[in-house]
Structure formats: C-alpha cells, structure tokens
Amino acid sequence: MRDFSNAPKDQADGLRRLFATARVRVVPVVSNPHVVGSGTLLEGLCAAFGELGLHTLVVDAGEQAAAASDLAAVDLAACVEPLSAKVSFLAARGLPLRYINANGSAAQFLEAVTDAAPFADVVLLHASAAELSRVLVSREVRPVLLADTDVQSVTHAYAGMKWLTQRAGLMVYSLLLACNPQLRLAERIAQQLSSCGDGFLGAVLREWACMDPRQPVSAPLTHELRHMARELLLASVPGAALDSAADAMPLRPRPMWQPKAGRAQPGATLAAH
C-alpha cells in the first residue's frame with residue numbers, strides 16, 4: 001500500500017516545502033510614482049505570498065516612501081516594523097545608497113536586510129530602477145513593473161524595464177496593473193509593453209495581472225495574481241550574489257539596439273496608447 005503522508009496537499013504545498021530549507025527569496029518591484037494605488041498592488045503581492053504560508057518583509061525605498069530612520073545606521077533590525085503575522089515593513093528611502101562600495105554596487109544592502117529580518121521568507125524590495133540596478137548585482141530575479149491606465153505610468157514602466165535591461169542585464173519581467181481586471185485597455189497596455197520590450201530591448205514580459213485599487217481588502221485574489229506570485233518565487237535564486245557582495249560591481253550599460261528605419265520609437269508608441 002502506497003504511503004501518501006508526504007504527498008503534496010495542494011498546489012502550493014511544493015513551494016512551502018521548498019521554503020522549509022531555502023534561504024530568502026528577493027522580489028524586486030520597480031517603483032512608479034505615476035501609479036495611483038501602488039500600495040494596494042504591494043499589499044496584493046504580500047497577500048499572495050501569505051497564502052503560501054510565507055512571511056514577507058516589504059522594504060520600501062521608493063521615491064515617495066518614508067525616509068530611513070537614523071537608527072538604521074546602528075541597528076537595522078530595530079527599524080523593522082511588524083504589520084501582521086505574515087508581513088513586516090522597513091522604511092528605506094535613501095538607505096541603499098549607504099551601502100554603495102567603490103565599484104558603485106549596493107549589493108551588501110540585501111545582505112544587511114536579510115540579517116536584520118531572519119524570519120522573512122520573502123524580501124519585497126520596492127525601489128526605483130536606478131537603485132535596483134545597484135542592488136541586484138548578478139542576481140537571478142524577475143522584476144515586477146507597476147502601471148495603471150495613465151500613459152505616464154506606462155511610459156515610466158517601460159523606462160524602468162529599459163534601465164534594468166541595460167544596466168543590470170535583467171531580461172525577464174512581470175507586470176502588475178492597478179485597474180479592473182475586466183478592463184480591455186489592460187490587455188492592450190500589457191501587449192504594448194511586451195511588444196516594445198521584445199522589439200527594442202530583447203526583454204520578455206513573462207506574465208501580467210491586474211488589481212483594482214477600489215476593491216475591498218477582503219476581496220479574493222485573482223488566479224493571475226496567485227500565479228504571478230508563485231512564478232516570482234521560483235524565478236528568485238536564494239542567496240545569489242550575497243557571498244560576493246563586497247566585490248560585486250554593476251554590469252556596464254549595453255549598447256542600444258538600433259530600430260529599423262521607419263519603425264516607431266517605443267516612447268511614442270506607448271504614448272499613443
């Protein structure tokens with residue numbers, strides 16, 4: 001008779017087992033000041049990770065985040081604030097720059113964060129593309145782009161993809177949109193970002209999902225968001241680059257691919273939508 005005591009109990013059980021012996025996963029989120037309701041998008045990701053039984057530390061170093069406490073220079077762990085049983089928070093605007101080495105790398109920042117919150121299974125790092133490129137040196141991760149239906153937010157999301165592709169060599173992305181999942185414009189935006197990323201940068205938009213910022217907190221998560229959360233975790237290699245953080249240096253900018261004559265530039269194409 002077969003023993004089913006160790007068989008997976010649901011679709012998420014394999015991930016829970018993986019995290020039982022794995023180090024922290026890093027999920028970078030490219031901040032976008034043009035997105036209304038970006039906090040709701042971060043909360044949605046945390047909720048999806050929480051459904052998998054994982055504790056998420058949100059490190060907010062975005063342009064509109066609260067500045068890091070002066071105490072962070074002495075005791076970073078004391079600055080970590082528990083928000084719930086599954087979520088903690090660290091206000092970190094300006095903090096990655098304190099870890100810049102002579103090569104311009106801030107890779108040691110992630111090492112400091114994981115040491116300060118050893119209970120965290122996931123570090124959700126919300127920061128600008130410029131700061132992420134300094135922190136994510138040689139890491140295998142999949143950045144999340146944020147946008148809504150405003151053209152400025154979409155253009156900013158593409159700019160973030162362009163920066164990270166050229167400066168950090170990151171070629172695969174996810175997209176999280178702050179809008180109603182039933183909105184047809186959402187699919188057009190995702191298709192446009194995917195087309196421009198592929199044609200002009202050689203980058204891939206792996207998947208996308210929507211969250212309506214107006215929905216109640218108790219609303220169930222969409223299948224697409226749950227799928228994205230699992231994919232992001234599997235795309236992040238635990239501990240990559242941390243052991244050599246002190247000697248790491250950012251990749252040099254890649255030469256721009258020149259579009260064929262007569263082909264629309266990505267900024268103009270995105271602005272048209």
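These legends accompany close-up views of a predicted model.

**Figure 1. The whole chain in outline.**
The predicted protein contains eight helices and eight strands. Of its 273 residues, 50% are buried. Contacts that span at least 6 positions in sequence were sorted by how far they reach. Of these, 82% link residues at least 24 apart. The number of disulfides is zero.

**Figure 2. The largest pocket and its lining.**
The largest pocket encloses about 630 Å³ of space. Its lining is made of 32 residues, and the ones closest to the centre are Gly-39, Thr-40, Leu-42, Glu-43 and Gly-44. Which element gives the largest share of the lining? Helix α2 does, with nine residues. At least two lining residues come from each of α2 (38-51), β2 (56-60) and β4 (87-91). Sorted by class, the lining holds 15 nonpolar, eleven polar and six charged residues.

**Figure 3. The largest nonpolar core.**
This core is built from 53 residues. Val-59 and Leu-90 have the most contacts inside it. Helix α6, residues 184-201, is the top contributor, with seven residues. A separate core has 27 residues, including Val-35, Leu-45, Ala-48 and Met-228.

**Figure 4. Leu-90 and its contacts.**
Leu-90 is one of the two residues with the most contacts inside the largest nonpolar core. Which residues does Leu-90 touch, once those up to four places away in sequence are set aside? From the β2 span, 56-60, Leu-90 meets Leu-57, Val-58, Val-59 and Asp-60. Leu-76, Cys-79 and Val-80 also touch Leu-90. Leu-95 and Val-113 complete the list.

**Figure 5. Val-58 in strand β2.**
Val-58 sits in strand β2. Is Val-58 buried or exposed? Its relative accessible area is 7%, so Val-58 falls under the 20% limit and counts as buried. Val-58 and Phe-89 lie 31 residues apart along the chain, yet their C-alpha atoms are separated by 4.8 Å. Beyond four places in sequence, Val-58 touches Val-87, Ser-88, Phe-89 and Leu-90, along with Cys-46 and Leu-124. The residues from Val-87 to Leu-90 in that list belong to the span of β4, 87-91.

**Figure 6. Two buried cysteines.**
Why does Cys-46 count as buried? Its relative accessibility is 6%, and buried means under 20%. Cys-46 is also among the residues that touch Val-58. Cys-196 is buried too, at a relative accessible area of 3%. The structure has zero disulfides.

**Figure 7. Val-35 in the loop before α2.**
Val-35 lies in the loop between β1 (25-30) and α2. Its relative accessible area is 7%, which places Val-35 in the buried class because the limit is 20%. Val-35 is one of the residues in the core of 27. Where does the chain come back to this loop residue? The C-alpha atoms of Val-35 and Leu-177 are separated by 8.8 Å, with their positions 142 residues apart along the chain. Setting aside neighbours within four places, Val-35 is in contact with Leu-41, Leu-146, Ala-147, Asp-148, Ser-153 and Ala-178.

**Figure 8. Met-161 in helix α5.**
Helix α5, residues 151-168, carries Met-161. Why does Met-161 count as buried? Its relative accessible area is 1%, and the buried class takes anything under 20%. Leu-145 is 16 residues from Met-161 in sequence and 7.5 Å away in space, C-alpha to C-alpha. Leu-145 is also in contact with Met-161. Further contacts of Met-161, outside four places in sequence, are Tyr-173, Leu-193, Gly-197, Leu-201 and Ala-203. Leu-193, Gly-197 and Leu-201 from that list fall within α6, residues 184-201.

**Figure 9. Phe-119, a partly exposed loop residue.**
Phe-119 occupies the loop between α3 (108-116) and β5 (122-127). Its relative accessible area is 42%, so Phe-119 is partly exposed, between the limits of 20% and 50%. Which residues does Phe-119 touch beyond four places in sequence? They are His-55, Val-80 and Ser-88. Val-80 touches Leu-90 as well, and Ser-88 touches Val-58. Phe-119 and Leu-54 are 65 residues apart along the chain, and 9.7 Å separates their C-alpha atoms.

Methods. Residues are numbered from 1 along each chain as its sequence is written. This is a predicted model: local features need pLDDT of at least 70, side-chain atom pairs count only at pLDDT 80 or more; totals for chains, interfaces and linings use all residues. Side-chain values use heavy atoms; hydrogens and water are left out. On a 1 Å grid over the protein atoms alone, a cavity is a set of points where a 1.4 Å probe fits but cannot get out, and a pocket is an open set with protein on both sides within 12 Å along at least five of seven lines; lining residues have an atom within 4 Å of a point. Grid points are joined across faces, edges and corners, and a volume is the space filled by probe spheres set on the points. Helices (H or I, at least four residues) and strands (E, at least two) are DSSP runs, numbered from the N terminus. Ala, Val, Leu, Ile, Met, Phe, Trp, Tyr, Cys and Pro count as nonpolar, Asp, Glu, Lys and Arg as charged, and the others, Gly among them, as polar. A disulfide is a pair of cysteine sulfur atoms within 2.5 Å. Buried means under 20% relative accessible area, exposed over 50%, partly exposed in between (1.4 Å probe, protein chains only). A nonpolar core is a set of buried Ala, Val, Leu, Ile, Met, Phe, Trp, Tyr and Cys residues joined through side-chain atoms within 4.5 Å. Contact means heavy atoms within 4.5 Å.
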